[in-house]
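Let's take a walk through this model together, from one helix to the ligand. Have the viewer open as you read.

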Amino acid sequence: MTPDIKPLVAGNWKMNGERDKLDQLALLAAGLDAELAEKLDLAVCPPATLLYVATTLAEDTPLMVGAQNCHAEVEGAHTGEISAEMISDCEADFCIVGHSERRTDCGETDADVAAKVKACWRADLTAIVCIGETEAQYDAGEAESVLRGQISNSIPDGAEEENTVVAYEPVWAIGTGKTPSPDDIREIHAFIREELAERFGGHGERMTILYGGSVKPSNASELLMIENVDGALVGGASLKAADLLAICEAYRKT
Ligand code: PGA
C-alpha cells in the first residue's frame with residue numbers, strides 16, 4: 001500500500017463470460033459494502049460484449065467497469081476493433097492496455113500500447129497499462145531493464161494519477177499459480193515507483209501501481225500489504241464474485 005493512494009482491485013475476465021455470468025456483478029455490488037467501498041475501488045473488466053450491460057447493472061453501485069483493450073483510432077475501417085470512444089460511450093471508467101496476452105497473441109509493441117493509452121485519455125478513460133517480464137528475462141536478471149523500457153515506451157508523456165494506473169504482471173506468474181516472493185515484489189514495485197517518480201515527478205509518486213499474476217484469496221493479504229502495491233489486477237480469481245470479494249477483504253482492517 002502507499003499512503004494516500006486508494007487501492008484498486010480490478011478483475012480481468014479475459015475471454016470468459018456470457019450473459020449468464022452477469023449475476024456475478026450483482027453479487028459483487030452487494031458484497032462491496034460501504035465500509036469496504038471506503039477502503040478500495042473495485043472494477044470489473046468483462047468482455048466487450050457485456051460492457052454496456054455491465055455498466056448499466058453497476059449504475060448506482062460503487063462497482064466500476066472497464067474494458068480489456070481498445071483501438072488507437074477514433075473510428076474508421078478497422079473491422080472488429082473497438083475505439084476508446086465506444087468504450088467511453090458504454091460508460092466504462094477504465095481500459096486495460098498492453099496486457100501481456102495481447103503483446104504476445106496480437107504482437108502489440110510498446111508504441112502500439114502508448115498510442116492506445118493516448119486514445120484512452122482522449123476518451124476520458126483511465127488506462128491500466130500492463131508491464132512485466134517473461135520468465136526467461138526474469139531468469140536472466142533482466143526484469144528491471146525490461147520494465148524500464150516498457151515504462152519509457154508504453155506510457156506517454158502526460159501520464160498522471162488521474163488518467164493512468166500501472167499494472168506490474170510478471171508474465172510467468174499469470175495463470176500459473178506462481179508468484180514472486182513478497183521480497184521480490186517489494187523490490188520491483190519500489191523500482192517501478194522510482195522510475196515513475198523520475199519520469200512524472202509528483203504524479204509518478206501518486207500513481208496507482210497494481211500487482212497482477214495469480215492473486216487469489218489465499219495470498220491477497222500478504223501481497224496487497226506490500227509497500228507500493230496499490231491493488232491487484234486479478235484474472236482467474238475474478239470470475240467468481242465470492243473470490244474477488246475475498247481478495248478485497250484484505251483491505252477491510254486497513
Ligand atoms: P491471473 O491473471 O490472476 O489469472 O494470473 C492475471 C492477469 O492476466 O491479469
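Here is the helix, and after it the ligand site.

A few ground rules help at the outset. This is a predicted model, in which local features need pLDDT of at least 70, side-chain atom pairs count only at pLDDT 80 or more, and totals for chains, interfaces and linings use all residues. Residues are numbered from 1 along each chain as its sequence is written, and side-chain values use heavy atoms, with hydrogens and water left out.

Start at helix α11, residues 217-224, whose buried residues are N219, A220, L223 and L224. These buried residues fall within an arc of 125° seen down the helix axis, so they line one face of α11. (Buried means under 20% relative accessible area and exposed over 50%, with a 1.4 Å probe and protein chains only; the arc is taken over directions from the helix axis to the C-beta atoms.) On the other side of α11 you will find S218 and E222 exposed. An α-helix has 3.6 residues a turn, so residues three or four places apart point the same way.

Now turn to the ligand. Of the 13 residues around the ligand, those that come nearest are K14, H99, E169, G175 and S214, where a residue counts if one of its heavy atoms lies within 4 Å. By class, this shell holds four nonpolar, seven polar and two charged residues, with Gly counted among the polar ones.

Ligand oxygen atoms also meet the backbone: one is 2.6 Å from a polar backbone atom of G175, and one is 2.7 Å from a polar backbone atom of S214.

Methods. Helix = DSSP H or I, 4+ residues; strand = E, 2+ residues; numbered from the N terminus. Polar contact = N/O pair within 3.5 Å; in protein donor to acceptor, adjacent residues only side chain to side chain.
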